[in-house]
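This report describes selected features of the structure shown below. The topics are the strand arrangement, the nonpolar cores and some individual residues.

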Amino acid sequence: MSNLLLSAVGTAVTIAIAVLAVGLVVFAVWYQIRCKKKGKGSCGCDCSSCGGRCHTQKKDKE
Amino acid sequence: MLKFALAGNPNCGKTTLFNALTGSTAHVGNWPGVTVDKREGVYKKGSVPVSVVDLPGIYSLSPYTPEELIARNFILEEKPDCVINIVDATNLERNLYLTTQLLEMDVPVVVALNMMDAVRKKGDALDSARLEKELGVPVAEISALRGEGIGDLMQCAYKAAQKKREGSSVLAHSSLSHLLADVTIALRGEGISHPLFHAVKLAEGDEEEVKAHPQQMQTVRAFQKQCAGEEFAGDLEAQIADARYKYITARFSAVLTRSAKPNTLSGSDKADRVLTHRIWGIPLFLVILFGIFHLTFGEDLFYLNAIFKIGFDVETGNDILNSFVAVFFSSAGVSSPGVILFNLMDFVCSLAGDGIANGVSAAGAAAWAQGLVNDGIWAGVSGVLSFIPQILFLFLLLSILEDSGYMARVAFILDRAFRKFGLSGRAFIPMIMGFGCSVPAAVNTRTLADEKERIMTNRVIPFFTCGAKAPILAAVCGAIAAQYAGINADLLVFALYLFGMAMAVLSVAVMRQTTMRGEVAPFIMELPAYHLPQFRSLMVHLWDKLKHYVQKAFTIIVASSVVIWFLSNFAWNWQMVEIQNSILYDIGAFVQWVCTPMGFGVQLGQFGWVFVVAAVTGLIAKENVISTFYVLAPAIGALIPGWDDGESGIGPVVALMEATGITWQGLVAFTVFNMLTIPCFAAAATVRGETPKGKFRYTVAFWMLTSYFTATAVYLVLSWWWTAFILLALAALFVAYIILRGRRAACRMRCGAEK
């Protein structure tokens, strides 16, 4: 019985790790898209306030 | 919501005041031109919230530069409720030139006399009541840096915003008064707002105004003809500037009472005599820069071990205690502060890694899941995290230089050298910003008026090693120093930083002689006074960096580590396999040959592709290079019996050196390739935005070719010194070709002009 329980816990942890890994990748991709939409630099530096991206978009439209 | 705009000369403290008002952490630098676009925040401490807009620094409201255009258009079109004109009280007369122009607009203006603490410290006295009377607008004394007088300033602005204000001009007492009055009345009749401002700009011959008001321009032209025989020969722009300065000198010079004799040198002037010396300036800069790298990356602090043989390993009989003591001392000597920080963080990461591994194992997770957590996610993240304190320490030292005002001097002293290669010292400012991150640096190139200079600067900004590349240098140089006696990590990092800068200058010189011919734009820069860096400002810089490093570690780096781990552990048929049968192995081995000339290709055998894969993942974010090493080292280690995979510190890089047999020359070439190649996606996208259409593909080609050929040359010269002669001969031929081509082009231009 205890072996069965341990095996079930092990399987649950394995599934949780798999879900976590996939979740992390999805989150990272979603975060990058969100940053780009908000005009924040995905490199992480503080360039959001200068609006560099918006200018880029405007320039492209022109 | 009320809207207040902050306007003033460059480096007068607008952004410092903006941060103090809104609680923002916008980048503040002790040099002109840090802000190149407007930014908004909210002031919540008053009775009603106010939207505060920080405008870029400007000297006038004529649209000569993009910053002036942004500031002018904002005030004219967005109609702020009040303009807070920040005036550097230590440079009163020059700053008031802009004030006289702002007063011509139909907008409430409040003058904030900033840096009053510096005025008082010098023993000078400024009669702000008299200034207020002369200007006809409220004047408040403040010190944005110390947060003094800001409440009073906002009260003045609140009051001013309640009333409408009609523009007034100091030119009303000049010979232009009748012309301006006539044009102003005519424009007001047309229902145009800010008529006085437009009238003055029309008289100055402002292109936009001439196009917008052709009828009134006829009045101006008629006046010009009348003045043709006078002092300024009808040049009304010069006449207006002269009238403004005469008025300022006559009315406002008495406002400031100086205590010291004008010939007495201030502390800043005395320091400048040494630091900006025409001969010693550049060597001193190099010494300071080396000092910074030594304190950050030096394994042997002040070379005490090399000189006095002070270096030892402490054996306590306890593994954890041994590891802790090794944080501070090693057989190489006493660690520098940067290395201590790295060792401490690495020690913490090792403990955390052990805890995670034990936890996952105890929970009974499957072997692949344990591998994913330990060798994938945690290895990748901890690889980057362990370098963060060391890199932050480097940024702290660079921020001290920046905030003290020294970096502005560096731009000044390098102008002479840069000019010879075809670049002005102004371009050095975005390049210095490139040491932090290439993205804001590329945005800052907007301030460069010359398009060719802007393109060239954007191309070479990534050569200035950014914060994301710093861990690559730290890990690789640390590993080389650990494996080869006689090579110092700090010296190697310093040499590579300098190499990047030298490559930038050399590239500009070549471009100036080939595709980017043209005159070097003149460089005029106001040198800010030296001051002690503010603790808060330094902490804001570091907090910003830390926040984004951590954000990046737990987003891009984690995702990349998971993908790399998956590709290195699974085959095309989705079966879990050893690394030599994995998807990543096939991809890496397929492109490995490309890197052979650079020393990390087919000569490295079956695991050499690790370096190619690391370089490719670095295109997403440069930190990925290190995280890829940390993820792949355990997988490779698993195949070699009795091999230590070196999970902590620079261990994985050392381990990969042993497994692949890469030489230190190959590793240096690998680092050079990563320094000069296409930057991360974000930086590349920003450079694309700042480059004229159609030019970006050449920029990408430039990065790829420069990095490939330079890394090859570095590998060849370091491996076989005599190849330097062959390369120098080839370089000489290339230079001769460029010179001949230049002469032919000049001759063709001359012939064309004669015809």
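## Helix α5 and the sheet edge

In this predicted model, helix α5 of chain B, residues 128-135, lies across β5 (109-114) and β7 of chain B. The angle between α5(B) and β7(B) is about 155 degrees.

Both strands belong to an open sheet of six strands, ordered β2-β3-β1-β4-β5-β7 in chain B, with mixed pairing. The edges are taken by β2 and β7 (139-141) of chain B, each of which has a single partner strand, so one side of each is left without a neighbour in the sheet. On average, neighbouring strands of the sheet are turned by 25 degrees against each other, direction ignored.

## Strand β3 and its two partners

Strand β3 of chain B covers residues 50-54, and five of its five residues are buried, so the strand is largely enclosed by the rest of the structure. The cut-off behind this statement is a relative accessible area under 20%. In a regular strand, side chains alternate between the two faces of the sheet. In β3(B), B:Val50, B:Val52 and B:Asp54 point one way, whereas B:Ser51 and B:Val53 point the other way.

Strands of a sheet pair through backbone hydrogen bonds, in either a parallel or an antiparallel sense. Strand β1 of chain B (residues 2-8) runs parallel to β3(B) and is joined to it by five bridges. Within this pairing, B:Leu2 has B:Val50 as its bridge partner, and B:Leu6 has B:Asp54. Strand β2 of chain B (residues 39-43) pairs with β3(B) in the antiparallel sense, also over five bridges. Here B:Gly41 stands opposite B:Val52. The connection from β2(B) to β3(B) is a hairpin of six residues.

## Domains and chain A

Chain B is divided into four stretches: domain 1 (2-167), domain 2 (171-257), domain 3 (399-718) and domain 4 (720-755). Between domain 2 and domain 4 of chain B, the C-alpha centres lie 51 Å apart.

Chain A has 62 residues, of which 32% are buried. Its secondary structure consists of two helices and zero strands. The accessible surface of chain A is about 4,000 Å², and carbon and sulfur atoms account for 70% of that area.

## Nonpolar cores

In soluble globular proteins, nonpolar side chains tend to be buried together. The largest nonpolar core in this model has 138 residues, and the members that touch the most others are B:Phe600, B:Trp609, B:Phe629 and B:Phe670. Helix α24 of chain B (residues 489-513) gives the most to this core, with 12 residues. When residues up to four places away in sequence are not counted, B:Phe670 touches B:Phe600, B:Phe611, B:Ala614, B:Ala615, B:Val625 and B:Phe629. Another core, of 56 residues, lies apart from the one just described; B:Ala7, B:Leu126, B:Phe252 and B:Leu256 are among its members.

## Helix α26 and its cover

Helix α26 of chain B spans residues 583-591, and its buried residues are B:Ile583, B:Leu584, B:Tyr585 and B:Gly588. The elements covering these buried residues include α25 (535-569), α27 (609-617) and α28 (624-637) of chain B.

Helix α25 of chain B contains B:Phe535. This residue is exposed, with a relative accessible area of 63%. B:Phe535 and B:Ile400 are separated by 135 residues in sequence, while their C-alpha atoms are 9.5 Å apart in space.

## Residues with positive phi

Most residues other than glycine have a negative phi. B:Met115, which is not a glycine, has a positive phi of about 65 degrees. B:Met115 sits in the loop between β5 and α4 (116-121) of chain B. Its relative accessible area of 23% makes B:Met115 partly exposed.

B:Trp574 likewise has a positive phi of about 65 degrees without being a glycine. The loop between α25 and α26 of chain B holds B:Trp574. Is B:Trp574 buried or exposed? With a relative accessibility of 63%, B:Trp574 counts as exposed, because the exposed class begins over 50%.

Conventions:
Residues are numbered from 1 along each chain as its sequence is written. Chains are lettered from A and ligands numbered from 1 in the order in which they are written. This is a predicted model: local features need pLDDT of at least 70, side-chain atom pairs count only at pLDDT 80 or more; totals for chains, interfaces and linings use all residues. Side-chain values use heavy atoms; hydrogens and water are left out. Buried means under 20% relative accessible area, exposed over 50%, partly exposed in between (1.4 Å probe, protein chains only). Helices (H or I, at least four residues) and strands (E, at least two) are DSSP runs, numbered from the N terminus. Two strands pair if DSSP finds at least two bridges between them. Domain bounds come from an automatic or database domain assignment. Axes are lines fitted to C-alpha atoms, for helices over the stretch in contact, and angles run from 0 to 180 degrees between N-to-C directions. Contact means heavy atoms within 4.5 Å. Accessible areas come from the Shrake-Rupley method with a 1.4 Å probe; for residues, only the protein chains shown count as cover. A nonpolar core is a set of buried Ala, Val, Leu, Ile, Met, Phe, Trp, Tyr and Cys residues joined through side-chain atoms within 4.5 Å.
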